[in-house]
Amino acid sequence: MNSLLNKCIESGNIGRDEIIFLLGLQGEDTVRLIRAANEVRQRYCGDEVHIRGLVEFSNTCRNDCLYCGIRRSNTSVRRYRMTPDEIVATATGLAKRGIGTVVLQSGEDSHYSGETVAEIVRSIKASADVAVTLSLGERSFADYALWRQAGADRYLLRHETANPALFEKIHPDSTLERRLSCLRGLRRLGYQIGAGCMVGIPGQTLEDLADDILLLRALEVDMAGIGPFIPHPGTPFAGEPAGSLDLTLKMVALARIVTRDALIPATTATGSIDEFGREKALEAGANVVMPNHTPFPYRVDYEIYPNKRCVTEDPNQCGPCLTARIFSIDRTAATGKGHSPRHLRAQAYKATKGHGCPWSL
Ligand code: SAM
């Protein structure tokens with residue numbers, strides 16, 4: 001165990017069997033794994049926590065993912081769509097308050113054409129000095145290219161599970177291959193890419209979770225979002241148990257260990273299954289928080305799982321509350337855009353050599 005933890009700290013070059021073993025740790029051994037990840041986080045990322053302002057601009061979705069509360073078959077959802085003007089005003093308002101990254105997220109909603117989203121991104125970039133992250137699901141390569149040209153910096157598209165059969169079971173409208181091809185396309189277009197998974201999906205095994213960690217490494221992700229599955233009553237998974245905090249924290253720790261310096265959020269879902277879940281994730285290797293700035297009346301209706309944190313609270317309080325939580329664990333809140341270190345290295349290489357880097361950065 002000592003030599004494995006040393007390997008985790010010194011190189012992160014651990015294999016599938018070792019990851020499975022680490023995912024099975026209990027009690028004090030889990031604490032040791034989390035401490036090792038925290039050490040890697042401190043060494044490679046420092047104490048700063050990056051803040052991303054999240055705007056969930058539409059809960060309309062054409063997909064029927066078995067776990068998701070806003071799936072198209074859930075007729076009890078009150079659907080909303082923010083107008084482009086509302087989205088731009090919310091995003092620029094965040095920038096005025098010093099938030100360096102705006103994350104625009106929605107269901108898969110083709111109501112927003114490629115050009116509409118591009119215009120939203122252009123307007124935000126023209127009026128505010130912010131990084132823009134998009135998270136709109138699977139779209140065409142042409143749309144991704146248009147949005148990148150318009151100035152979008154990053155794209156979040158979790159792979160959800162690296163097990164292709166499980167992926168297809170829970171996503172009747174897609175395949176893992178298609179999801180990965182979207183992620184690779186986004187990378188080719190120069191986006192900073194974020195993948196990630198849910199922990200505790202019905203039918204998921206420790207082997208699957210180990211493959212999730214290996215996939216994050218293989219994709220050389222800039223961002224890795226990991227959170228527990230939480231059952232929603234309006235879905236086929238209503239009666240299933242939620243993913244555990246303990247396993248989620250081990251996954252966050254392992255993502256930190258293998259990626260070294262990726263941007264890893266302490267997810268809202270982790271904070272929704274445990275009052276101090278986000279602080280615990282920050283102490284297990286995470287270095288990003290995403291305060292929810294979706295305005296009223298919309299924010300209560302982006303119910304991807306029940307009892308989502310903070311949805312009835314004033315969005316203006318989410319930032320200060322999360323900053324206080326960051327200080328409470330002796331970390332500091334970063335200012336600025338907080339680009340991915342991997343991306344910055346790749347850009348620096350290109351600037352000096354005049355071409356992209358032929359090996360991994
Ligand atoms: N449509 C975009 C996409 O699919 O990437 C973004 C919206 S989607 C609702 C955002 C994330 O919510 C998903 O990546 C998924 O992991 C998470 N999610 C959805 N339902 C969930 C649930 N019941 N428990 C935990 N996370 C959930």
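This section describes the surroundings of the ligand, a group of salt bridges and the setting of one buried glutamate in a predicted model.

The ligand is surrounded by 18 residues, the closest of which are Tyr67, Ser106, Arg158, Glu160 and Ile230. By class, this shell comprises ten nonpolar residues, five polar ones and three that are charged. Polar atoms of the protein approach the ligand from both backbone and side chain. On the backbone side, a polar atom of Ser106 is placed 2.9 Å from a nitrogen atom of the ligand, and a polar backbone atom of Ile230 is found 2.7 Å from a ligand nitrogen. On the side-chain side, Arg158 places a polar atom 2.9 Å from an oxygen atom of the ligand. Of the 560 Å² that the ligand exposes when taken alone, 92% is buried by the protein.

Salt bridges form the second topic. The structure contains 28 of them, and several involve Glu275, Glu279, Arg309 and Arg325. Glu275 is bridged to Arg309, with 3.6 Å between the closest N and O atoms. This pair connects distant parts of the chain, 34 residues apart. Arg309 belongs to the loop between strand S7 (288-289) and helix H13 (315-328), while Glu275 occupies the loop between helix H11 (268-273) and helix H12 (277-282). The two partners fall into separate accessibility classes: Arg309 counts as buried because its relative accessible area is 17%, under the 20% limit, whereas Glu275, at 43%, is partly exposed.

Glu275 also forms a salt bridge with Arg325, in which the closest N and O atoms are 3.1 Å apart. Here the loop between H11 and H12, which holds Glu275, is linked to helix H13, which holds Arg325, across a sequence separation of 50 residues. Arg325 has a relative accessible area of 12% and is therefore buried. A further salt bridge joins Arg325 to Glu279, the closest N and O atoms lying 2.7 Å from each other. Because Glu279 is part of helix H12 and Arg325 part of helix H13, this pair ties together parts that are 46 residues apart in sequence. Both members of the pair, Glu279 and Arg325, are buried. Elsewhere, Glu138, Glu160, Arg178 and Arg179 are joined into one network by salt bridges that share partners. Within this network, Glu160 is also one of the residues closest to the ligand.

The third topic is Glu108, a residue of the loop between strand S2 (101-106) and helix H5 (114-127). With a relative accessible area of 8%, Glu108 falls under the 20% limit and so is buried. Two polar approaches involve its side chain. One is a polar contact with the side chain of Asn63, at 3.2 Å. The other concerns Glu138, whose backbone nitrogen lies 2.7 Å from a polar atom of the Glu108 side chain. When residues up to four places away in sequence are not counted, Glu108 touches Thr60, Cys61, Arg62, Asn63, Leu136, Gly137 and Glu138. Glu138, which meets Glu108 in this way, is also a member of the network that includes Glu160, Arg178 and Arg179.

Notes. Residues are numbered from 1 along each chain as its sequence is written. This is a predicted model: local features need pLDDT of at least 70, side-chain atom pairs count only at pLDDT 80 or more; totals for chains, interfaces and linings use all residues. Side-chain values use heavy atoms; hydrogens and water are left out. A residue is near a molecule or strand if one of its heavy atoms lies within 4 Å of it. A polar contact is a pair of N or O atoms within 3.5 Å; within protein, one must be able to donate a hydrogen and the other to accept it, and residues adjacent in sequence count only if both atoms are side-chain atoms. Accessible areas come from the Shrake-Rupley method with a 1.4 Å probe; for residues, only the protein chains shown count as cover. Ala, Val, Leu, Ile, Met, Phe, Trp, Tyr, Cys and Pro count as nonpolar, Asp, Glu, Lys and Arg as charged, and the others, Gly among them, as polar. A salt bridge is a side-chain nitrogen of Lys or Arg within 4 Å of a carboxyl oxygen of Asp or Glu. Helices (H or I, at least four residues) and strands (E, at least two) are DSSP runs, numbered from the N terminus. Buried means under 20% relative accessible area, exposed over 50%, partly exposed in between (1.4 Å probe, protein chains only). Contact means heavy atoms within 4.5 Å.
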